[in-house]
2 protein chains.
Amino acid sequence: MKQNIYDNPTFFKGYTELRDSGITYNDFLEQPAMKEAISNLEGKTILDLGCGMGGLSKYCAANGAKKVMGVDISGKMIERAEKDNRHENIQYLCQPIEELQLPSESFDLIISSLAVHYIKDYSALVATVYHLLKKGGKFVFTTEHPITTANKEMNGWITNEEGQRLHWPVDDYHEEGLRKDHWYVDGVIKYHRTISSLINTLISSGFTLEKVVEPLPTTEGLKEMPRIIHENRKPSFILIQSSK
Amino acid sequence: MKQNIYDNPTFFKGYTELRDSGITYNDFLEQPAMKEAISNLEGKTILDLGCGMGGLSKYCAANGAKKVMGVDISGKMIERAEKDNRHENIQYLCQPIEELQLPSESFDLIISSLAVHYIKDYSALVATVYHLLKKGGKFVFTTEHPITTANKEMNGWITNEEGQRLHWPVDDYHEEGLRKDHWYVDGVIKYHRTISSLINTLISSGFTLEKVVEPLPTTEGLKEMPRIIHENRKPSFILIQSSK
């Protein structure tokens, strides 16, 4: 079953309020890493998997992409994307990533920002991406870091009585699969995968690994959102860049 | 300063007693992963970095390698290697890995079993290995897993009052560098590196990443040494295979 949590009204309200507040954790962490990895967008044909409200698709179009296709399972998200991040070079599509039916070798660059941990069948996704990429094209995605998703309890940092963060508890590392998290609503489904799985699936599908990034907070982030400093202690995200 | 802990008498006694007891944790975990990765040894010229008592060098020679050079900083270890794991196709050399002066493109395969975490300058090591490998040659090494080495306290599992292991504490992940551990003696020096550092240094030095393995215990290991089951919860080692 494909999860469509973004169409849950409570989740959607919480998520859009967070986005609309104008400042989010990812803006100082995952997004800068993603934008640095895709710095050369001029004339490119791009597929944005799990485009959400279209912020990254819009960024690509505004920075020279010839054509961007933004895909998301959530109708509410695509609606917001059409409203807030419309651009003549972008086409938004409401569809599960898993069911994409597009001609092979269509894209120069396939990106996915924090959506891969919602996908149950990572191997199938990687095979689809490989099929859709032109020869020499790149696949750049970010996902929750295996250190973050491993523990089935998903209760976050271990703190002392004063609420100070003592350390991050890792457990269940090699038990890949379902994790249930609370984010606005109970039971947000994620999939934990080990680092070796994330990487080896790409390589055995034909990709060449180019870079792994474990994003660190930007200087601005440390000023605007001091708690982000804990990223130095435990990585929340991982970016993996590979080419066909 | 290069660490030569294996020549410390207390350490050497503890370590050799462990090895001589005939059964060690690594035999069911790291060694099977290493041996699987280097399954094709026939006719190969091999460099074994940090060969210790020569067990793996001997394994290579016994499994068809044409020539094996085993290098270790510890005179005591090389003495044991010469005594216990002598073979006509093996040459043992007592030298710091960092100071190897050998002709370029000398080896088909360079291996290193649990020595890289003792090396301060990983970039220099990778550059040396690249220089010494023939075109198409492979570099296969195991090292302590970044999840294991991150926390500066190095106090192991968090346990409850009954001694049950609750979880593994990750902290200080992005602070690469020195870690002081206790293993037979105080102050055994290790170097923590992030996953992205371990991988990106190889790629930016010219290597193609082929495989990452986070070893799981063998069936025999689970029977002979039941506590090894905790490896499912937190990986102790990582194997990285790349080619020139």
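## Close-up views of the interface between chains A and B

**View 1. The buried interface of the predicted model.** About 2,500 Å² is buried between chain B and chain A, and carbon and sulfur atoms give 59% of this area. Within chain B, the residues that lose the most area to chain A are Val170(B), His174(B) and Glu214(B). Together these three account for 23% of what that side buries. The model shown here, and in every view below, is predicted. Contacts join 32 residues of chain B to 32 residues of chain A. Of the interface residues of chain B, 100% are also interface residues in chain A, so the copies meet through the same surface.

**View 2. The rotation axis between the copies.** Two copies of a chain are related by a rotation about an axis and a shift along it. Here a turn of 180° with a shift of 0.0 Å along the axis lays chain B on chain A, at an RMSD of 0.0 Å. The two copies are thus related as by a two-fold rotation axis. Pro169(B) is the residue of chain B that comes closest to the axis, with its C-alpha at 2.5 Å. Pro169(B) also serves as the bridge partner of Pro169(A).

**View 3. The sheet that runs across both chains.** Strands of a sheet pair through backbone hydrogen bonds, either parallel or antiparallel. This open sheet has four strands, in the order S6(A)-S7(A)-S7(B)-S6(B), and its pairing is antiparallel. Strand S6 (158-159) of chain A and strand S6 (158-159) of chain B stand at the edges. Each has a single partner strand, so one side of each is left without a neighbour in the sheet.

**View 4. The S7 strands paired across the interface.** Strand S7 (residues 165-170) of chain A pairs with S7(B) over three bridges, in the antiparallel sense. One bridge partner in S7(B) is Val170(B), which pairs with Trp168(A). Another is Pro169(B), set against Pro169(A). Val170(B) is also among the residues of chain B that lose the most area to chain A.

**View 5. The S6 and S7 pair within each chain.** In chain A, S6(A) and S7(A) pair in the antiparallel sense over two bridges. Ile158(A) stands opposite His167(A). The hairpin of S6(A) and S7(A) has five residues between the strands. There Gly163(A) takes a positive phi near 85°. In chain B, S6(B) and S7(B) also pair in the antiparallel sense over two bridges. Thr159(B) has Arg165(B) as its bridge partner in S7(B).

**View 6. Salt bridges between the chains.** Over all chains the salt bridges number 16. Between chain B and chain A there are two. In one, the side chains of Asp171(A) and Arg233(B) meet at 2.7 Å, N to O. This pair crosses between chains: Asp171(A) sits in the loop between S7 and strand S8 (177-183) of chain A. Arg233(B) sits in the loop between helix H8 (219-224) and strand S11 (237-243) of chain B. The side chains of Arg233(A) and Asp171(B) also form a salt bridge, at 2.7 Å, N to O.

**View 7. Polar contacts and the face of chain B.** Between chain B and chain A, 21 residue pairs are in polar contact. On the side of chain B that touches chain A, the elements giving two or more residues are strand S7 (165-170), helix H7 (195-204) and strand S10 (208-213) of chain B. The residues of that side divide into 16 nonpolar, seven polar and nine charged.

How values were computed: Residues numbered from 1 in each chain as written. Chains lettered and ligands numbered in written order. Predicted model: local features only at pLDDT ≥ 70, side-chain atom pairs only at ≥ 80, totals over all residues. Heavy atoms only, no water. Least-squares fit on C-alpha atoms with pLDDT ≥ 70 in both. Contact = heavy atoms within 4.5 Å. Buried area = accessible area lost by both parts, 1.4 Å probe. Salt bridge = Lys/Arg side-chain N within 4 Å of Asp/Glu carboxyl O. Polar contact = N/O pair within 3.5 Å; in protein donor to acceptor, adjacent residues only side chain to side chain. Nonpolar A, V, L, I, M, F, W, Y, C, P; charged D, E, K, R; others polar. Pairing = 2+ DSSP bridges.
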